[in-house]
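Open the model in your viewer and switch to a cartoon view. This tour tells you what to select and what you will find there.

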Amino acid sequence: MKIPRTPRRAIAPALLAATTLLALTACGTTGTDSAPGARDTVEVRIPDPGNSGVLALGKKDGSLDKALAEVGAKVRWTGSAGPFAPAAQAMNAGQLDIATGSITSGITSLAQRPGFKFFTAVDPDAAGEGILVKNGSAITSVKDLVGRRVAVNQGGTGEYLLLKALARAKIPADRVERVYLRPDQTAAVFNAGQVDAWAVWATYAVAEIGGGKARFVADGAAIGSDNYSLNAVRTGFAEEHPEIVKALYRYLHEASAEEKRNPAAYLNVFTDVGPTAVTGRAEEVQTGFTRAGGTVDPIGPEDIERFQDVAAFYAEQKVTKDRIDVTPHLLDIEKLS
């Protein structure tokens with residue numbers, strides 16, 4: 001029976017943050033009952049979701065563990081949110097079961113003996129990603145970036161967005177200086193004026209736009225971005241526990257549709273104060289991006305074609321040495337058994 005899917009239009013920015021691990025522990029199972037023959041509970045290692053998004057609410061209200069209990073599983077929250085590349089390395093090492101990232105960072109991670117596969121897709125973010133400039137900047141178009149310094153995360157979403165924008169504007173890539181920085185280190189550099197622009201996604205753009213400090217000179221729609229958000233699963237875990245992967249997909253699919261309908265319920269899940277809270281104008285920006293966003297869905301033929309376009313673009317731009325074939329690293333969730 002086919003798992004139902006809903007139409008997608010763009011990425012849900014607060015859906016599931018790109019993932020890394022700061023502390024990793026070994027996988028295992030725990031007995032759910034001391035009686036003879038009791039079924040063991042499989043632990044699914046997923047990075048802690050932080051204060052917002054589908055997984056944050058699922059953690060707080062217990063709904064995710066309830067859904068997974070139906071297939072004999074539970075979550076072990078581990079590590080914290082961050083870039084996909086370290087999470088991919090953790091999956092490769094058998095230290096993590098689920099992670100989230102973009103197709104752009106995914107392609108660069110696939111170049112290194114991957115031990116994971118992608119099993120869901122959320123359409124490219126037309127509204128929440130793009131190239132930020134400070135309010136009052138003389139930069140009013142992509143062409144104005146010539147001779148400027150632009151912060152990007154190497155091999156990931158930022159570098160892709162900048163190169164894609166330059167290609168669309170027919171500007172040679174070497175006419176703009178790429179400044180490679182970790183996204184969590186870039187805001188201070190950007191606000192200090194040490195770079196002229198920042199190619200970035202909603203996770204970091206919301207605070208800058210919501211704080212009245214910055215604006216997009218080109219967003220995902222203007223750039224023509226094919227930067228999907230994907231969920232990845234450790235290959236061995238998917239082979240051993242396909243029913244758990246399918247249950248996780250169903251949960252994410254349904255919850256992401258609800259998040260799109262009611263985005264405010266998925267913000268400030270654990271606290272509405274402090275550095276992880278989204279308040280004021282930033283909350284309005286985030287809920288707007290989420291309403292314009294999409295849902296977690298199976299990977300379809302049209303998605304695969306666009307993934308391959310990104311891989312070809314990365315090879316053409318010398319981000320990867322060779323063109324990566326994405327297809328062998330995808331799971332059809334509707335056929336998983």
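Start by selecting Ala-99 and Ala-232. Ala-232 sits in E13 and is the bridge partner of Ala-99. Keep in mind that this is a predicted model.

**Stop 1: the sheet of three strands**

Widen the selection to E6 and E13, residues 229-234. How many bridges pair E6 with E13? There are 5, and the pairing is antiparallel. Strands of a sheet pair through backbone hydrogen bonds, either parallel or antiparallel.

Now add E7. The three strands form an open sheet in the order E6-E13-E7, with antiparallel pairing. The edges are E6 (98-102) and E7 (116-122), and each of these pairs on one side only. Look along the sheet. Neighbouring strands are turned by 30° against each other on average, direction ignored.

Next, select residues 242-261. This is helix H10, and it packs on the sheet. H10 touches E6, E7 and E13. Its direction makes about 20° with that of E7.

**Stop 2: two crossing helices**

Hide the sheet. Select residues 103-110 for helix H4 and residues 301-316 for helix H12. Two packed helices are described by the angle between their axes and the distance between the axes. Here the axes come within 10 Å and cross at roughly 65°. Is the crossing of H4 and H12 left-handed or right-handed? It is right-handed.

Show the side chains where they meet. On the H4 side, pick Ile-103, Thr-104, Ile-107 and Thr-108. On the H12 side, pick Phe-307, Val-310, Ala-311 and Tyr-314. Sort this contact by class: 6 residues are nonpolar, 2 are polar and none is charged.

**Stop 3: the sheet of five strands**

Move to another open sheet. Its 5 strands come in the order E10-E9-E11-E8-E12, and the pairing is mixed. Find the edges: E10 (177-180) and E12 (214-219), each pairing on one side only. The twist averages 30° from one strand to the next.

Zoom in on E9 and E10. These strands run parallel, joined by 4 bridges. For one pair, select Arg-149 and its bridge partner in E10, Glu-177.

Then bring in H6, which packs on this sheet. H6 touches E8 (130-134), E9, E11 and E12. Its direction makes about 155° with that of E11.

**Stop 4: an enclosed space**

Rolling a probe the size of a water molecule over the atoms shows where empty space is left. A search of the whole structure finds 2 cavities of 30 Å³ or more. Go to the second largest, with a volume of about 30 Å³.

Which residues line the second largest cavity? Select Ala-151, Val-152, Asn-153, Leu-181, Pro-183, Thr-186, Trp-198, Ala-199 and Trp-201. Colour the lining by class: 7 residues are nonpolar, 2 are polar and none is charged.

Finish by colouring three elements. E9 (149-152), H6 (183-191) and E11 (197-200) each supply at least two residues of this lining.

Technical notes
Residues are numbered from 1 along each chain as its sequence is written. This is a predicted model: local features need pLDDT of at least 70, side-chain atom pairs count only at pLDDT 80 or more; totals for chains, interfaces and linings use all residues. Side-chain values use heavy atoms; hydrogens and water are left out. Axes are lines fitted to C-alpha atoms, for helices over the stretch in contact, and angles run from 0 to 180 degrees between N-to-C directions. A crossing is left-handed if the near helix is turned anticlockwise from the far one by less than a right angle, and right-handed if clockwise. Contact means heavy atoms within 4.5 Å. Ala, Val, Leu, Ile, Met, Phe, Trp, Tyr, Cys and Pro count as nonpolar, Asp, Glu, Lys and Arg as charged, and the others, Gly among them, as polar. On a 1 Å grid over the protein atoms alone, a cavity is a set of points where a 1.4 Å probe fits but cannot get out, and a pocket is an open set with protein on both sides within 12 Å along at least five of seven lines; lining residues have an atom within 4 Å of a point. Grid points are joined across faces, edges and corners, and a volume is the space filled by probe spheres set on the points. Two strands pair if DSSP finds at least two bridges between them.
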